[in-house]
Amino acid sequence: MNKLRTLIVDDEPAAIEGLRLRLQGFADIEVVAEAGSVQTALALVTQHQPELIFLDIEMPGETGFDLIRQLQPELCPAIVFVTAFHQHAVQAFEVQALDYLLKPVKLERLADAIARVRARAGTASKAQLLDAVTQIAAGPAATAGDTAETETRYCIERQKLVIQDGRSPIQLISYQDILWIDAAGDYMCVHTRTETHVMRTRLKNLINERLPDLFVRIHKSTVVNLTYIEQLQPLGNSEYKAVLANGKVLKVSRTFARALKQRLLP
């Protein structure tokens, strides 16, 4: 098995040393360089062209996310985030060999991460990395085999919609506060009574993976919170207008009208 050329990026020398010592136990890993900053890491990526980076998130000046944005697409390796902060735990969706480890790094979790990289061999897509959906745990991030912490994490996701793109402040929006959501290409506009939040995802993914049952689709590009519908006015041709509690009027297409009426009427 070919060894994976590996770069460690962390501003804490002790963290680098600890991870390097643990990696010595893996015959398929070759640590080719270490960096304490984003700019040093960029130069080392060009020099060594690593296939894997263990990347700290919180560093002075620039973060691990900044490093990803500056990588050349053709030199973008697999990324495993390493962080001491639970709020930066990253769950990957459709991203090649993306994982996270919490400090202090546990040997069994390190082995899992390396196995995941091996299973999804090849360099990562920069576009995929930048588009990864990051979900924030409200407590200690779940580790493999820790059922209680896993249940805590997913409980939060059932209560709130987490909006995070790695660049803007993290938004945790209670589902009860969301009136409706509409699509604009690859982006979703999440409307509350006072604000509109923008997140990068597709409506189909949002419906299938996150939204609770109180939301129903009324158009190919719109879902609405049932608790805010006050009137349903017929338009003809089996279409309707849904009038929300704040006065907003949304069109209900013929395709989704029947399902909506079944949800609203006894």
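Which residue in β3 is the bridge partner of Ile 8? In this predicted model, the partner of Ile 8 is Phe 54 in β3, and the close-up views below place that pair within its surroundings.

**View A. Strand β1 and its pairing with β2 and β3.** Four bridges join β1 to β3, and the two strands run parallel; among the residues involved, Ile 8 has Phe 54 of β3 as its bridge partner. With β2, strand β1 shares 6 bridges, again in the parallel sense, and here Val 9 stands opposite Ala 35 of β2. The chain passes from β1 through α1 to β2, forming a β-α-β crossover that is right-handed. Strand β1 is mostly covered, with 5 of its 6 residues buried.

**View B. The open five-stranded sheet.** The sheet comprises 5 strands in the order β2-β1-β3-β4-β5, and the pairing is parallel. Strands β2 and β5 form the edges, each pairing on one side only, while the twist from one strand to the next averages 25°. In a regular strand, side chains alternate between the two faces of the sheet.

**View C. The β4-β5 side of the sheet.** Strands β4 and β5 pair in the parallel sense over 4 bridges, and Val 82 stands opposite Leu 101 of β5. Both Val 82 and Leu 101 are also included, together with Ala 78 and Val 105, in a core of 18 residues that is separate from the largest one.

**View D. The largest nonpolar core.** This core has 22 residues, and those with the most contacts inside it are Leu 7, Val 9, Ile 53, Leu 55, Leu 67 and Phe 81. At least two residues each are supplied by β1 (4-9), β2 (29-35), α2 (38-48), β3 (52-56), α3 (64-70), β4 (78-83) and β5 (99-102), with α2 giving the most, namely 5 residues. When neighbours within four places in sequence are left aside, Leu 67 is in contact with Val 9, Val 38, Ala 41, Leu 42 and Leu 55; of these partners, Val 9 and Leu 55 are, like Leu 67 itself, among the residues with the most contacts inside the core.

**View E. Helices α1 and α4 against the strands.** Helix α1, covering residues 13-23, lies across β1, β2, β3 and β4, and runs at about 170° to β2. Helix α4, covering residues 107-119, lies across β1, β2, β3, β4 and β5, and its direction is at about 165° to β5. The strands that these helices respectively meet at the stated angles, β2 and β5, are the edge strands of the sheet.

Methods: Residues numbered from 1 in each chain as written. Predicted model: local features only at pLDDT ≥ 70, side-chain atom pairs only at ≥ 80, totals over all residues. Heavy atoms only, no water. Core = buried A, V, L, I, M, F, W, Y, C linked by side-chain atoms within 4.5 Å. Buried < 20%, exposed > 50% of the residue type's maximum accessible area, 1.4 Å probe, protein only. Contact = heavy atoms within 4.5 Å. Pairing = 2+ DSSP bridges. Axes fitted to C-alpha atoms, helices over the stretch in contact; angles between N-to-C directions. Right-handed = clockwise from strand over helix to strand, strands pointing away.
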